[in-house]
Amino acid sequence: MRWLKETARRTVELCDGSLQGIASAMSLIAYYNVVADGAMINELEKLNGMMARKLSETKNDEKGLDLECRFDEEQVRKSGIVQTPKIVLAVMDKMLRSCSRNDAAADDYAIAMYAVLSSSDNYEGSRADFVKMVRSYFKVELSYDALKRWITRNSVDFNSWDTETDKACKRQALARDFQKLIEKVRAYKSKNV
């Protein structure tokens with residue numbers, strides 16, 4: 001029974017976040033939930049939440065994309081963000097305020113955001129500068145040592161992170177969410193200029 005529970009947990013972690021992926025994982029885990037007499041209910045609830053968020057995103061694809069940057073020109077300039085800094089700061093603000101993934105901590109968000117910005121060469125500053133910026137702009141207490149350890153161990157290439165731990169899966173999912181939201185907001189803004 002333990003291996004079945006572990007397999008269900010890994011299935012949720014490996015789910016790619018697409019509607020088809022979530023539906024397939026739900027179907028498989030629902031079957032094994034019946035076989036295992038309700039032992040997979042937590043995994044089903046996670047997938048159900050993922051499905052609800054995905055359906056909401058699909059339904060309201062442009063809703064919430066008209067983000068405004070609340071930072072002044074000097075803060076935007078000093079942020080260290082190179083490409084479309086107002087959009088990136090607005091997306092960071094939205095994600096950090098909404099905590100779109102309930103199971104993730106603020107440092108998970110900040111580390112994921114640093115990885116996205118650094119891997120795309122959209123951040124020109126040191127890790128220490130990034131930590132200071134996140135603390136100052138968003139009031140998020142990010143540990144420099146935590147950021148340094150994570151990036152040293154895992155690199156800024158979030159697509160290559162070893163997703164064998166819940167923390168790595170969360171951070172990779174957050175990085176992908178952040179990257180997608182930036183792209184959506186950029187596309188929305190360019191279309192509505």
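Me: In this predicted model, is F71 buried or exposed?
Reply: Happy to start there. Buried means under 20% relative accessible area. F71 has a relative accessible area of 8%, so F71 is buried.

Me: Which residue forms an edge-to-face aromatic pair with F71, at 5.5 Å centre to centre?
Reply: Edge-to-face applies to planes over 60 degrees apart, and here the angle between the planes is 85 degrees. The centres are 5.5 Å apart. The partner of F71 is F138.

Me: How many residues apart in sequence are the parts that F71 and F138 tie together?
Reply: F71 sits in the loop between α3 and α4. F138 belongs to helix α7. The pair therefore ties together parts whose separation in sequence is 67 residues.

Me: What is the relative accessibility of F138, and does that make F138 buried or exposed?
Reply: The cut-off for buried is under 20%. F138 comes in at 11% relative accessibility, so F138 counts as buried.

Me: Which residues does F138 touch, not counting residues up to four places away in sequence?
Reply: Good one to check in the viewer. F71, the ring partner of F138, is on the list, and so are R70 and D93. The full set is R70, F71, L89, M92, D93, L96 and M133.

Me: Which residues make up the cluster linked by ring pairs that includes F71?
Reply: By the ring-pair rule the structure has 9 aromatic pairs. Some of these link rings into a cluster that includes F71. Its members are F71, Y137 and F138.

Me: Which residues touch the most other members of the largest nonpolar core?
Reply: This core holds 45 residues. In soluble globular proteins, nonpolar side chains tend to be buried together. F138 is one of the residues with the most contacts to other members, and the full list is L89, V91, M92, F130, F138 and F178.

Me: Which helix gives the largest share of this core?
Reply: At least two core residues come from each of α5 (85-98), α6 (106-119), α7 (127-138), α8 (144-154) and α9 (166-191). The largest share is 9 residues. The helix that supplies them is α6.

Me: How many residues are in the other core, the one with L4, A25, M40 and L47 among them?
Reply: This core lies apart from the largest one. L4, A25, M40 and L47 are among its members. Its count of residues is 13.

Me: Which residue meets D93 in a salt bridge?
Reply: D93 lies in helix α5, and its partner lies in the loop between α3 (41-59) and α4 (73-78), so the pair ties together parts that are 23 residues apart in sequence. At 9% relative accessibility D93 counts as buried, whereas the partner is partly exposed at 45%. The N to O distance is 2.7 Å, and the partner is R70.

Me: Which helices does the salt bridge between K86 and E73 tie together?
Reply: The closest N and O atoms of K86 and E73 are 2.5 Å apart. K86 is partly exposed at 39%, while E73 is exposed at 52%. The two are 13 residues apart in sequence, and the helices tied together are α5 for K86 and α4 for E73.

Me: About how many helical turns separate E74 and R77?
Reply: These two form a salt bridge, with the closest N and O atoms 2.5 Å apart. E74 is partly exposed at 37%, and R77 counts as exposed at 57%. Being 3 residues apart in helix α4, they are separated by about one helical turn.

Me: Which residues are joined into one network by salt bridges that share partners?
Reply: The structure holds 10 salt bridges. Some of them share partners and so form a network. The residues joined in this network are D66, E68 and K189.

Me: Over the face of which residue does R171 lie?
Reply: R171 is in helix α9, and at 4% relative accessibility R171 counts as buried. Leaving aside neighbours within four places in sequence, its contacts are D107, D108, I111, A112, W150 and W161. R171 lies at 4.6 Å from a ring centre, and that ring belongs to W150.

Terms used. Residues numbered from 1 in each chain as written. Predicted model: local features only at pLDDT ≥ 70, side-chain atom pairs only at ≥ 80, totals over all residues. Heavy atoms only, no water. Core = buried A, V, L, I, M, F, W, Y, C linked by side-chain atoms within 4.5 Å. Buried < 20%, exposed > 50% of the residue type's maximum accessible area, 1.4 Å probe, protein only. Helix = DSSP H or I, 4+ residues; strand = E, 2+ residues; numbered from the N terminus. Contact = heavy atoms within 4.5 Å. Salt bridge = Lys/Arg side-chain N within 4 Å of Asp/Glu carboxyl O. Phe/Tyr/Trp six-rings, centres within 6.5 Å; stacked < 30°, edge-to-face > 60°. Lys NZ or Arg CZ within 6 Å of the ring centre and 35° of its normal.
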